[in-house]
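This report describes a predicted model of a protein chain. It proceeds from the overall fold to the salt bridges, the pockets and one residue of a helix.

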Amino acid sequence: FNLDYYSKKEVDGESPYKEMQRVYKSCISYAENFDLDSQSLYFFGRTGLGKTHLSLAIANEAIKKGYNVIYGSVIGFLNKMEREKFGRAETFETEDILIDADLLILDDLGAEFQTAFTTSAIYNLINSRNARGVPTIISSNLSIKELKERYPESVASRIIGNFATVEFIGSDIRQIMNEE
């Protein structure tokens with residue numbers, strides 16, 4: 001993670017650099033202190049700001065401590081669960097594995113095609129993990145307002161009420177790197 005890609009130019013009294021420096025430090029602290037009682041996190045912001053990078057860095061530290069971590073895209077997990085549910089797979093264990101992981105990282109919430117099945121599956125994962133009291137990290141391009149608009153209250157409320165929200169700001173780092 002390189003803070004040099006974030007602008008130091010202040011907008012409304014704050015620069016992306018300073019804000020992302022706070023985000024970075026909080027992620028380091030989270031990773032260093034990670035345990036099964038750690039709070040769940042909702043990383044949100046535009047694409048290319050480092051949400052996936054920092055969630056994977058946290059995963060790496062949790063694995064080093066011996067925790068069972070599962071990372072993947074929401075789309076990939078939902079596709080696998082749908083194949084299992086509707087008989088196009090030979091095993092039916094993905095949902096249980098995701099619920100039972102010490103740390104689950106769901107990447108790109110909101111990129112999935114929304115159906116009754118996907119909404120129900122997302123609800124069940126989040127609700128079951130909240131009930132177990134184990135941490136989940138969700139990354140999304142959806143702001144809190146957009147999250148409320150896209151998902152039923154039962155899903156949005158569980159994320160907003162049980163996850164610490166971490167906003168990522170700045171310009172798309174992939175594009176900046178490509179221009180260099």
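**Overall dimensions and fold**

The protein chain has a radius of gyration of 17 Å, which agrees with the value near 16 Å that a compact globule of 180 residues would have. Along its principal axes, the C-alpha trace spans about 55 × 35 × 35 Å. Of the 180 residues, 42% count as buried.

The secondary structure of the chain consists of 8 helices and 5 strands. In sequence order, these elements follow the pattern α-β-α-β-α-α-β-α-β-α-α-β-α. Among the contacts with a separation of 6 or more, 77% are made by residues 24 or more positions apart.

**Salt bridges**

Side chains of opposite charge can pair when their charged atoms come close. The structure holds 7 salt bridges, and the table below gives the N and O distances for some of them.

| Salt bridge | Closest N and O atoms |
|---|---|
| Glu19 and Arg22 | 2.7 Å |
| Lys80 and Glu84 | 3.5 Å |
| Lys145 and Glu149 | 2.9 Å |

The pair formed by Glu19 and Arg22 belongs to helix 1 (residues 16–32), where the two residues are 3 positions apart and thus separated by about one helical turn. Glu19 is partly exposed, with a relative accessibility of 23%. Arg22 is likewise classed as partly exposed, at a relative accessible area of 43%.

Lys80 and Glu84 both lie in helix 3 (residues 74–85), 4 residues apart, or about one turn of the helix. Which of the three classes, buried, partly exposed or exposed, applies to Glu84? Glu84 is buried, because its relative accessible area is 5% and the limit for that class is under 20%. Its partner Lys80 is partly exposed, with a relative accessible area of 37%.

Lys145 and Glu149 are placed in helix 6 (residues 144–150), 4 residues apart, and about one helical turn separates them. Lys145 counts as exposed, at 59% relative accessibility. Glu149 is also exposed, with a relative accessible area of 55%. Elsewhere, salt bridges that share partners join Glu14, Glu19 and Arg22 into one network.

**The largest pocket**

The largest pocket has a volume of about 300 Å³. It is lined by 16 residues, of which Gly48, Leu49, Gly50, His53 and Arg174 are the closest to its centre. Helix 2 (51–64) and helix 8 (173–179) are the elements that give two or more residues to this lining. By class, the lining of the largest pocket is made up of 6 nonpolar, 7 polar and 3 charged residues.

**The second largest pocket**

The second largest pocket encloses about 210 Å³ of space. Its lining is formed by Met81, Glu84, Lys85, Phe92, Glu93, Glu95, Asp96, Phe117, Ser120, Ala121 and Asn124. Glu84 therefore has two roles in this description: it is a salt-bridge partner of Lys80, and it belongs to the lining of this pocket, while being buried at 5% relative accessible area.

Which elements each supply at least two residues of the lining of the second largest pocket? They are helix 3, helix 4 (94–100) and helix 5. Helix 5 gives the largest share, 4 residues. Divided by class, the lining of the second largest pocket holds 4 nonpolar, 2 polar and 5 charged residues.

**Thr118 in helix 5**

Helix 5 (residues 116–132) also contains Thr118. Is Thr118 buried or exposed? Thr118 is buried, since its relative accessible area is 7%, and the class requires a value under 20%. Leaving aside neighbours within four places in sequence, the contacts of Thr118 are with Leu78 and Phe113.

Technical notes:
Residues numbered from 1 in each chain as written. Predicted model: local features only at pLDDT ≥ 70, side-chain atom pairs only at ≥ 80, totals over all residues. Heavy atoms only, no water. Buried < 20%, exposed > 50% of the residue type's maximum accessible area, 1.4 Å probe, protein only. Contact = heavy atoms within 4.5 Å. Salt bridge = Lys/Arg side-chain N within 4 Å of Asp/Glu carboxyl O. 1 Å grid on protein atoms, 1.4 Å probe; cavity = no way out; pocket = protein on both sides within 12 Å on 5 of 7 lines; lining within 4 Å. Points joined across faces, edges and corners; volume = space filled by probe spheres on them. Nonpolar A, V, L, I, M, F, W, Y, C, P; charged D, E, K, R; others polar. Rg over C-alpha atoms; globule rule 2.2 N^0.38 Å.
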